[in-house]
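The following report looks at aromatic ring pairs, charges placed over rings, and unusual backbone geometry in one protein chain. Please read it with the sequence and the coordinates at hand.

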Amino acid sequence: MTTKSLGNPFSDKSDLRHGADCGCDHCSTSIKTPEPDAMSSDQMLERAVESAVVRSVFGHNDLSRRSFMGMFGGTTMAAALASVFPLEQAKAAILDELGPPEKTDLNIGFVPITCATPIIMAQPMGFYERYGLNAQVIKTAGWAVARDKSLSGEYDASHMLTPMPLAMTLGAGSVAEPYIMPAVENINGQAIVLSNEHLDKRDPTQWKGFTFGVPFEYSMHNFLLRYYVAEFGLDPDVDIQIRVVPPPEMVANLRAGNLDGYLSPDPFNQRAVWEGIGFIHTLTKDIWEGHPCCAFAAPMSFATELPNTYGALLKSIIDATQYASNPANRKEISEAIAPTNYLNQPVPVIEQVLTGTYADGLGEVQKVPDRIDFDPFPWHSMGVWILTQMKRWGYIEGDVNYKAVAEQVYLAADCKKVMNDLGYEAPDVTYKSHTIMGKTFDPADPAGYVSSFAIGKG
């Protein structure tokens, strides 16, 4: 369950409402790891019960609760409550009842790309079943469809691009709906591909007038392509055209001459080489080493209304992500996700992506083991960077509370808790600096970062 609702109900310092201006440890802009991260699953449930009971006593008026706690102290309130209500027995009873998932049959959308590897492989390789879920992964044509089916409730959760839940929460490009992203699917794993007709135009300053494809406006692909060409002096809204093209249609559009190139998810970068129509200009890991791309996301209501189902699903995804992070497992995974109902690609194409030993279309075989990698931790600083690019290019307007939005959507505390429960290491902080094309991004000064660029709209 989301730890945003697990502030200490007996403390006047905790705001259990957790609005955008909340000043508690969970919602402040501090980079400290909040106390609920250290809770066990049972302790988290016990805290949820305490919170529900205390809020009920105060008629769900959090200002009254905090005022009372400030005047009389939480210990006094706890003792008074225990004298009239069997809190410990209630917690024990609810813990007995809340073990299994409330809902086991789930529909999870995915777009057929290698970035969705953990979400896809979790079905044929039994990760969902391991945690008591009967999850069906449903192939989806593109992210506009994934977004709309998620908003309509047709999908319980979905494979999304890391900017999407931020945009959906803000109402950028769709109706505003609070979304959460408790886990990243993959890092790296994208490339800029050019048509073989442009073998003599390897210098981006030669790309004026080119038309590029990206899979969605609210995508790392769009923001990385914009960042890349702007660093070479091109205005992506003036000097080139950027079109939204669903990933499965990228290769056909390149072959037809509708695109000069694209910044796309794999396996469609490698598929262009396989088909002999394109070459890999650069991997996105060479633009930003370790950048996030795709993620597991869901409506906030999914976590609050079905906390055990949410917890089981998050465990499934994180466990599968960690399995995929081991290079020794990549060939096995390639075979599992290749069939028609998943990626519908030749196994060798997927293997070239996942193993990092691949033909580049320029006559060379490259060995880049981390061409794609898998790390579930949703760094808040990555969310802030994405928001700065949304601001830079005019996708969001007005003042932006970068940290508040990133922390509301990217549930690093939930991810850390599950990773630790499963025996995996997780960071103790949620912010760090990042280097993109040699320029350092300091998440403590997002507004200054936006204004530092010569090319942009924000």
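## Backbone and aromatic geometry

Pro 267 is found in the loop that runs between strand 9 (261-265) and helix 11 (268-274). The model is a predicted one, and in it Asp 266 and Pro 267 are joined by a cis peptide bond whose omega is about 15°. As background, most peptide bonds are trans, and most residues other than glycine have a negative phi.

Two asparagines depart from that second tendency. Asn 188, although not a glycine, has a positive phi of about 60°, and this residue belongs to strand 5 (residues 187-188). Asn 344, likewise not a glycine, has a positive phi of about 55°, and its place is in the loop between helix 14 (330-337) and helix 15 (347-355). As for accessibility, Asn 188 has a relative accessible area of 1% and is therefore buried, whereas Asn 344, with a relative accessible area of 43%, is partly exposed.

Turning to the aromatic residues, a search of the whole structure returns 16 aromatic pairs. One of them is formed by Trp 207 and Phe 212, whose ring centres are 5.2 Å apart and whose planes meet at 50°, so this pair is classed as tilted. Trp 207 counts as buried because its relative accessibility is 0%, and Phe 212, with a relative accessible area of 0%, is buried as well.

Another pair is formed by Trp 288 and Trp 385, where the centres lie 4.9 Å apart and the planes stand at 65°; since an angle over 60 degrees counts as edge-to-face, the pair receives that label. This pair links distant parts of the chain, 97 residues apart, with Trp 288 in the loop between strand 10 (278-283) and strand 11 (294-299) and Trp 385 in helix 16 (residues 380-392). Both Trp 288 and Trp 385 are buried. They also belong to a cluster, connected through ring pairs, that includes Tyr 227, Phe 441, Tyr 449 and Phe 453.

Lysine side chains also meet aromatic rings in this model, and the table lists two cases in which the charged end sits over the ring.

| Charged residue | Ring | Distance of charged end from ring centre |
|---|---|---|
| Lys 403 | Tyr 431 | 4.9 Å |
| Lys 432 | Trp 379 | 4.3 Å |

Conventions
Residues numbered from 1 in each chain as written. Predicted model: local features only at pLDDT ≥ 70, side-chain atom pairs only at ≥ 80, totals over all residues. Heavy atoms only, no water. Phe/Tyr/Trp six-rings, centres within 6.5 Å; stacked < 30°, edge-to-face > 60°. Buried < 20%, exposed > 50% of the residue type's maximum accessible area, 1.4 Å probe, protein only. Helix = DSSP H or I, 4+ residues; strand = E, 2+ residues; numbered from the N terminus. Lys NZ or Arg CZ within 6 Å of the ring centre and 35° of its normal.
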